[in-house]
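Visitor: I've got a fresh model on the screen and no idea where to start. Could you walk me through it, one question at a time?

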Amino acid sequence: MTSSALRHALSAAADGRRLSAFHAMALAECEDLDALTGLAEQLCIAAHGTRVSYSKKVFIPLTKLCRDVCHYCTFARAPRDGVPHYLAPEAVLDIARSGQAAGCKEALFTLGDQPERRYTAAREALQQLGAASTLEYLERSAALVLKETSLLPHLNPGVMDEAWLARLRKVSVSQGLMLETAAERLSRRGGPHFGSPDKLPTVRLETLAAAGRARVPFTTGILIGIGETRAERIEALLAIRQMHERHGHIQEVIIQNFRAKPGTRMSGAAEPTLADHAWTIAVARLLFGPAMNIQAPPNLQPDGLAQLVRAGINDWGGVSPVTPDHVNPEAPWPHLAELARATEHAGRTLVERLAIYPEFLAPQRVAEPAHTDALTPPMQSTGSGRRSQRGPAVRASVSGAGAEGWLDAALITPTLRHMDGVGLARDDGWAPGGLCELPASQVARVRQRQAPLSPVVAHVLARARDGMRLDETEIVALFDARGADFAAVCRAADELRARRVGDTVTYIVNRNINYTNICTYGCKFCAFSKGRHNLGHRDKPYDLDVVEISARTAQAWTRGATEVCLQGGIKPSYTGHTYLAIVAAVKSAAPEMHVHAFSPLEIRTGADTLGLSLEEYLARLKDAGLASLPGTAAEILDDEVRAILCPDKINTAEWFEVMEAAHAVGLKSTATIMFGHVDGYRHWARHLLRVRALQERTGGFTEFVPLPFVHMEAPIYLKGQSRRGPTFREAVLMHAVARLALDPVLANVQASWVKMGPDGAALCLHAGANDVGGVLMNESITRAAGAMHGQEIGAADLERLIRQQGRTPRQRSTLYGAVAPERRSAAMRDSSLSSASVQPQL
């Protein structure tokens, strides 16, 4: 090797080019640790930002018997009298349940390699357990943990063939096997692997290859300091890289440092230094490039965590708050609070992941729009709001496994239960519509005033402050903000809110009238509609007549309402005349009432049934008294998601077509987003950009309303096909990012007290929101989905909530104008709404 080869290797790595094997081997001569780690850190940050992940796990040592005799190992032992050779199923569950109670999400099964091939005692124990092999007993144990707990198994059973890897894939989200070394000489007499047939590099590499063929998300790595040279370390890393380039299945590469243990043949061997460990991590980063997950266990180098971070790691591996590291019992896990502080001290943010990495869970695309702001979808209207396929099909496994199928179908639901919108672990137990307390750590972050930022988020926020239009990648970066970055995004949104609309917080006194819950559409998120296929649900089908609609309108007017919001299912007998009659019923009962009614789906249905254009039908509705449109039926304005969530509903372009037509005839509308189900951050970004694009043309949107997905009774959740709504961090960020991404064209961002809860909505007032919506009076759609925050809130209660945040409340009209003093007086009078009659008319 020559110094010119080394210079070429460093230059190529800095440019993001793949290092050839020849130039990779040249790194063995690099002695400039600062230069090496500096370059590795830059590459790491380029792909992973300032995030360092870990998995909260419970360690389940299924058996410590092993047919191998590694000279440094204290985990494996020979059979002993009185000591169970395998954990009994009850013991496995006890450990797993203790982990679940402590908030763990991973069940790490570690065990010796095929002990029954060496020990009679192992074979007899397996016979008593009713298993033919250790791998079969592992399969049963992992299945038991999956059935009885919420933990996701990760399996480290040693060498396997493709058939066993495929079998265990059905009961685990990931598997692993350390390559340790590619040096065959270490398996010869005198070497640390002598007498250990499963440690032969060729045998272990075949397992890695078989895992790739079986499409198993796989963990591997090397063990340094057991007698190998630096060149041999690089050879091992190159062998792993070759496997990954062939199959794409390596989810992380561990660089683990040898620890000398008393009672082993290597008890007196020298351990690798921190500098040597950092050198190897940096080389691994250069070989694998920015995207690979490089890990170092924090308990094996507790005094050098900052240096390991600077060397290019982005993951600490599994950390258990419950069980010890059975492989390295002399090295206790750091407390998570301490690990978070150490990570922050190194200039990074600690985030929790699952046993399967986000890259193997991220939504996959088969077809996508050519341009971010393009509104032309791959579907075409066939009349009555339904669609037929046109052009390339949009298939999206947005809900979990990805189009390439890294996760067995049986594992999708339990994994979704733990995921956030990017595939990391949910960082709180909060869910929209529920009554659980707001997560204290996130509440504190929202109110945090000063914090250091990652370069990416700092750059995006600077562009937002300068009034620059953010692009999709920049908006996604804001949605992924965590820790100090999350605090900074909230603070920037709050400051922008103060500049645009001041400290006044608005609300409206309104009533929701959902005139029917009978609907022929099959929206998978909807727990409100009652078609013929779901008449057994808790709410019976109903269809209000115009007399009842008039009565509810009059009652709302008496209580100070200035608006009625009218929406319902698409009943087969409804025509455009139905919607005209509904408007007439409202205006006859209260001529001055603002009629805020009909989603774009209802508008299109009405127009189609009468054979009118959208503009013609909207003009007729306006003449009858319609004053504005709710921006519902939007869900996520990206057909990749809509193909899963509401496949027979209007598509993205059709939604915007209705809104643009409404704005053209002088009708304002709101814009909503219903998020946190089968979507991801890029879908949210596209939604915001598309709303902004229309707003720039028409100026017709009055407000943006984030609606976090309420999961409790949603069919798609009950079938195990969606997440349980956004996390609290994500829900707050939707308000903050909307403020930043839609500025200056849309001034008002609303926080829904029904979805967020009153306290959550109040907190959003410190993250860009300036409106808390309406008192609602008999809200029923979110309640049907399982929300528990009630159907109504008093105007006085809303004003009290606003004042508690140091803001000034103002009752507004639908279009954000002033309301008559008489309306405000009526709203503030102490009155309660009697139970409204619901008259089923099937």
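## A tour in questions

Visitor: In which helix is His577 found?
Guide: Helices are DSSP runs (H or I, at least four residues), as are strands (E, at least two), and both are numbered from the N terminus. The run covering residues 576-589 is the one that holds His577, and its name is helix H19.

Visitor: Before we go on, what kind of model is this?
Guide: Residues are numbered from 1 along each chain as its sequence is written, and side-chain values use heavy atoms, with hydrogens and water left out. Local features need pLDDT of at least 70, side-chain atom pairs count only at pLDDT 80 or more, and totals for chains, interfaces and linings use all residues, this being a predicted model.

Visitor: Back to His577, then: what relative accessibility does that residue have?
Guide: Buried means under 20% relative accessible area, exposed over 50%, and partly exposed in between (1.4 Å probe, protein chains only). His577 falls in the partly exposed class because its relative accessibility is 47%.

Visitor: How far is His577 from Ala607, C-alpha to C-alpha?
Guide: Along the chain they are 30 residues apart. In space, the C-alpha atoms of His577 and Ala607 are separated by 9.5 Å.

Visitor: Ala607 belongs to H20, so how many residues of H20 are buried?
Guide: H20 runs over residues 600-610, 11 residues in total. Pro600, Leu601 and Glu602 are among the buried ones, and so is Ala607. H20 is largely enclosed by the rest of the structure, because the number of its residues that are buried is eight.

Visitor: Which residue follows H20?
Guide: Look for a positive phi, near 70 degrees, just past the helix. The residue there is Gly611.

Visitor: Which non-glycine residues in the loop between E16 and H22 have a positive phi?
Guide: Most residues other than glycine have a negative phi, and most peptide bonds are trans. In this loop, between strand E16 (626-629) and helix H22 (639-645), one residue has phi near 65 degrees and another near 50 degrees. Each of the two counts as buried, at 7% relative accessibility. In that order, they are Ala633 and Glu635.

Visitor: What is the relative accessible area of Leu637?
Guide: Leu637 is in that loop between E16 and H22 too, and its C-alpha is 9.6 Å from that of Thr672, 35 residues away along the chain. Leu637 is buried, because its relative accessible area is 0%.

Visitor: Where is the cis peptide bond that involves Pro744?
Guide: Pro744 is found in the loop between H26 and helix H27 (753-764). Omega is about 0 degrees for the bond, which joins Pro744 to Asp743.

Visitor: How does H17 lie relative to H26?
Guide: Axes are lines fitted to C-alpha atoms, for helices over the stretch in contact, and angles run from 0 to 180 degrees between N-to-C directions. The axes of H17 and helix H26 (residues 728-742) come within 9 Å and cross at roughly 45 degrees. Angles under 35 degrees count as roughly parallel, over 145 as roughly antiparallel, 65 to 115 as roughly perpendicular and the rest as oblique. So H17, relative to H26, is oblique.

Visitor: And how does H6 lie relative to H7?
Guide: Helix H6 (residues 134-148) packs against helix H7 (residues 162-169) with the axes 10 Å apart, at an angle of about 15 degrees. That angle is why the pair counts as roughly parallel.

Visitor: How much space lies in the second largest pocket?
Guide: On a 1 Å grid over the protein atoms alone, a pocket is an open set of points where a 1.4 Å probe fits, with protein on both sides within 12 Å along at least five of seven lines; lining residues have an atom within 4 Å of a point. Grid points are joined across faces, edges and corners, and a volume is the space filled by probe spheres set on the points. For the second largest pocket, that comes to about 760 Å³.

Visitor: Which residues are closest to the centre of that pocket?
Guide: A total of 29 residues line the second largest pocket, and H12 gives the largest share of the lining, five residues. The closest to the centre are Ala340, Thr349, Leu350, Arg445 and Gly483.
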